[in-house]
Amino acid sequence: MKISSFLLFATTVFLAPTGLSAQDCNTFIEKELTVGGLHLLRTIPLTMVIRGTYTYSIQVINDEKGLRAKVISRAGVEFNQDDEIIFMDVNSVRKGYRFVEMGEMKEEGGMPEYHNYLQINLDAIQWFSEVDINTIYIKNNLSKEMRKFTVNPNRMADFRFMATCFNQRLNKTNVVNVAAVERDYTKPDASETGLLAAKPETPA
């Protein structure tokens, strides 16, 4: 009897699914459908930073333009083409991604809301799903002004979970993937000018 109970327990443990549950992932997936062989996939806009009256959110998208991250600034700074978001993980690996459009602004509840799109790729999605992003830098490449934001542990975990869901759900067969989109600030030859001197924003 004891041997049978042990075998039943072992079978349950080793055959248990290791992936994320569909129900959990559905919380983070806003849209998913296939059109003409193209897998359209979009996450919810996840708030990464809250500071007083302004917030910054990120939404991961796959569509006919490829893999992109929509960044939304509510009452925060405006995002211009070629400005940059630099993500830093808990191991101090830093990778920057540029905004590829002119950016848009609208009013929401009497407050300005800016949004623009970062060009990302499959490697970026994989990285986001494997690490915890604890710091975000917003870099204006015209004025060279840099703002530094610390991501709190709950939002850090949510972002990694969301990226993991997106990575698991995404049908990578017909993805318009850009080979090299990031600037790796961890490499010795990468300029870190402004990173250490970035203006820190008070955590919320």
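Is Gly66 buried or exposed? Select Gly66 in this predicted model and have a look around. At 0% relative accessibility, Gly66 counts as buried.

**Stop 1: around Gly66**

Gly66 sits in strand β5. Show its surroundings: leaving out residues up to four places away in sequence, Gly66 touches Ile61 and Val176. Now add Leu122 to your selection. Gly66 and Leu122 are 56 residues apart along the chain, and their C-alpha atoms are separated by 9.8 Å.

**Stop 2: the whole protein**

Zoom out and switch to a cartoon view. You should find 4 helices and 13 strands. Of the 204 residues in the protein, 44% are buried. If you draw the contacts between residues at least 6 apart in sequence, 60% of them join residues at least 24 apart.

**Stop 3: the largest nonpolar core**

Next, select Phe87, Tyr97, Leu118, Ile120 and Phe128 and show their side chains. These residues have the most contacts inside the largest nonpolar core, which has 38 residues. Several elements each supply at least two residues of this core, among them β3 (46-51), β4 (54-63), β5 (66-74) and β6 (84-89). Further along the chain, α3 (122-130), β10 (133-139) and α4 (153-169) do so too. Which element gives the most to this core? Colour α4 to see it: this helix contributes 5 residues.

Keep Leu118 on screen and look at what surrounds it. With its neighbours within four places in sequence set aside, Leu118 is in contact with Leu67, Arg68, Ala69 and Val71. Its other contacts are Ile85, Phe87, Tyr97, Arg98 and Phe99.

**Stop 4: two helices**

Hide everything except α3 and α4. The axes of these helices come within 7 Å and cross at roughly 135°, and α3 and α4 are therefore oblique to each other. The crossing of α3 past α4 is left-handed. To see where they meet, select Ile125, Gln126, Phe128, Ser129 and Glu130 in α3. On the α4 side, their counterparts are Phe159, Arg160, Ala163, Thr164, Phe166 and Asn167.

**Stop 5: a hairpin from β10 and β11**

Bring back β10 and add strand β11, residues 146-150. The two strands pair in the antiparallel sense over 5 bridges. Click on Tyr137, which stands opposite Lys148 in β11. Tyr137 is also part of a second, separate core of 5 residues, which includes Ile86, Met146 and Tyr185.

Follow the backbone round the turn, where 6 residues lie between β10 and β11. Here you meet Lys144, with a positive phi of about 65° although it is not a glycine. Most residues other than glycine have a negative phi. Lys144 is exposed, with a relative accessible area of 55%.

**Stop 6: a second hairpin and one more loop**

Now select β3 and β4, which run antiparallel and are joined by 5 bridges. Ile50 stands opposite Thr55 in β4. This hairpin has 2 residues between its strands, and Gly52 takes a positive phi near 60°.

Finish at Ala75, in the loop between β5 and β6. Ala75 has a phi near 65°, a positive value in a residue other than glycine. How large is the relative accessible area of Ala75? The value is 24%, and Ala75 is therefore partly exposed.

Terms used. Residues are numbered from 1 along each chain as its sequence is written. This is a predicted model: local features need pLDDT of at least 70, side-chain atom pairs count only at pLDDT 80 or more; totals for chains, interfaces and linings use all residues. Side-chain values use heavy atoms; hydrogens and water are left out. A nonpolar core is a set of buried Ala, Val, Leu, Ile, Met, Phe, Trp, Tyr and Cys residues joined through side-chain atoms within 4.5 Å. Buried means under 20% relative accessible area, exposed over 50%, partly exposed in between (1.4 Å probe, protein chains only). Contact means heavy atoms within 4.5 Å. Two strands pair if DSSP finds at least two bridges between them. Axes are lines fitted to C-alpha atoms, for helices over the stretch in contact, and angles run from 0 to 180 degrees between N-to-C directions. Angles under 35 degrees count as roughly parallel, over 145 as roughly antiparallel, 65 to 115 as roughly perpendicular and the rest as oblique. A crossing is left-handed if the near helix is turned anticlockwise from the far one by less than a right angle, and right-handed if clockwise.
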